[in-house]
Amino acid sequence: MSLPAVALVAAKDFKSETKPVWCPGCGDYSVLTSLTRALAQLALKPEDVAVVSGIGCSSRIPAYTNCYGFHGVHGRALAVATGLKVARPDLTIIAAGGDGDGYSIGGNHFLHACRRNVDLTYLVMDNHVYGMTKGQPSPTTEPDWDSALTPGGTGLRPFHPLVIALASGANFVARAFSGDVVGTAEIMAKAIASPGFSFVEILSPCVTFRPEQRQWKELVRPSPVAPTDDPARAARRIMTDDGFNVGVLYAGDRRPYRPPIGRQQRLLSEFERRFAL
Ligand SMILES: Cc1ncc(C[n+]2csc(CCOP(=O)(O)OP(=O)(O)O)c2C)c(N)n1
Ligand code: SF4
């Protein structure tokens, strides 16, 4: 049997030489490993992929890959990722970050990225806390989480990212657990391969500020049902599970939004003439 002319890229080839500065035991290490496995599984090459992030511990991820990377400003990963995909449709775009970055300061961008359904994949490493800035509650923090910064808890109802993504128009919605490296890689590969906006919420423990999240490994289980393409059924399932069912929960068939590029360029002088008083 003859060997392929070009060697296939292995997962390790997607890792950069930059050593992560995450705390020992942080779930984000495993997310990085799953991402590199998924990209290798899809037979992509590092130069085919751009990883775009905001700010936070989890948002450091682009630097740890060998792909094109953009470590931007807090909450704006999806704005950059959307623009990049529109300008460079040939690239596979991964936007990544934390629950604070994506659901708090970036919450509005999250809604509209789902609605636009541009072909990209959004990975949120959700640890229900702002890790980088030392443990403030995030939109997904439980209302009774007692901490030095929020004695007695916030008392606020948590944001429900999966159902919000579904209601806003995301075409692929999944939940994963960082501790299951192989399962998370498979979910990521499906998300990347699915056309349109794919959202993967990854439970990724912050062992420093939420050490109790180490127990998540006892709580997660594979979703007992196959993915559905019926948004109403998906919404009912997601609203009624306990947050620990892992797998692809919704796979739709909305056509991705692909605005034309290069055809509608106008000269600045044309606009100036139109707005002249
Ligand atoms: C405009 C702006 N506001 C606030 C901050 C401070 N800040 C940096 S990271 C962060 C939250 C990070 O939390 P999350 O996205 O959940 O990521 P994690 O560190 O938990 O991975 C905040 C509030 C900032 N860098 N920029
Ligand atoms: S503070 Fe939390 S989220 Fe940040 S690197 Fe440490 S364990 Fe991970």
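**Exercise 1. Strand 5 and its partners**

Task: In this predicted model, find in which sense strand 5 and strand 6 pair, and over how many bridges.

Solution. Step 1: strand 6 covers residues 197-203, and strand 5 pairs with strand 6 in the parallel sense. Step 2: the pairing runs over 6 bridges. Step 3: at the residue level, alanine 176 has isoleucine 202 of strand 6 opposite. Step 4: to get from strand 5 to strand 6, the chain passes through helix 6 (residues 181-193), and this β-α-β crossover is right-handed.

Task: State how strand 5 and strand 8 run relative to one another, and which residue of strand 8 stands opposite valine 173.

Solution. Step 1: strand 8 spans residues 245-251, and strand 5 and strand 8 run antiparallel, joined by 4 bridges. Step 2: valine 173 faces tyrosine 250 of strand 8.

**Exercise 2. Cover on strand 5**

Task: Decide whether the residues on the two faces of strand 5 are buried or exposed.

Solution. Step 1: the cut-off for buried is under 20% relative accessible area. Step 2: one side carries Phe172, Ala174 and Ala176, and these are buried. Step 3: the other side carries Val173, Arg175 and Phe177, also buried. Step 4: both faces are therefore covered, and the count for residues 172-177 is 6 buried of 6.

**Exercise 3. The sheet as a whole**

Task: Give the strand order of the open sheet, and explain why one side of strand 2 and of strand 7 is left without a neighbour.

Solution. Step 1: the sheet has 8 strands in the order 2-1-3-4-6-5-8-7, and its pairing is mixed. Step 2: strand 2 (68-71) and strand 7 (221-222) stand at the edges with a single partner strand each, so one side of each has no neighbour in the sheet. Step 3: elsewhere in the order, strand 1 (residues 49-53) and strand 3 (residues 92-98) run parallel and are joined by 5 bridges. Step 4: within that pair, valine 52 has alanine 95 of strand 3 as its bridge partner.

**Exercise 4. The shell around ligand 2**

Task: Describe the residues around ligand 2 by class, and place the ligand among the pockets.

Solution. Step 1: the residues around ligand 2 include Cys23, Cys26, Cys57 and Cys206, as well as Trp22 and Asn127. Step 2: by class, the shell holds 7 nonpolar and 3 polar residues, with no charged ones. Step 3: ligand 2 takes up the space of the second largest pocket.

**Exercise 5. Arginine 37**

Task: Locate arginine 37 and classify its exposure.

Solution. Step 1: arginine 37 belongs to helix 1 (residues 28-41). Step 2: its relative accessible area is 37%, so arginine 37 is partly exposed. Step 3: its C-alpha atom is separated by 29 Å from that of serine 104, 67 residues apart along the chain.

Methods
Residues are numbered from 1 along each chain as its sequence is written. Chains are lettered from A and ligands numbered from 1 in the order in which they are written. This is a predicted model: local features need pLDDT of at least 70, side-chain atom pairs count only at pLDDT 80 or more; totals for chains, interfaces and linings use all residues. Side-chain values use heavy atoms; hydrogens and water are left out. Buried means under 20% relative accessible area, exposed over 50%, partly exposed in between (1.4 Å probe, protein chains only). Two strands pair if DSSP finds at least two bridges between them. A crossover is right-handed if, with the strands pointing away from the viewer, the path from the first strand over the helix to the second runs clockwise. A residue is near a molecule or strand if one of its heavy atoms lies within 4 Å of it. On a 1 Å grid over the protein atoms alone, a cavity is a set of points where a 1.4 Å probe fits but cannot get out, and a pocket is an open set with protein on both sides within 12 Å along at least five of seven lines; lining residues have an atom within 4 Å of a point. A molecule sits in a cavity or pocket if more than half of its atoms lie within 2 Å of its grid points. Ala, Val, Leu, Ile, Met, Phe, Trp, Tyr, Cys and Pro count as nonpolar, Asp, Glu, Lys and Arg as charged, and the others, Gly among them, as polar.
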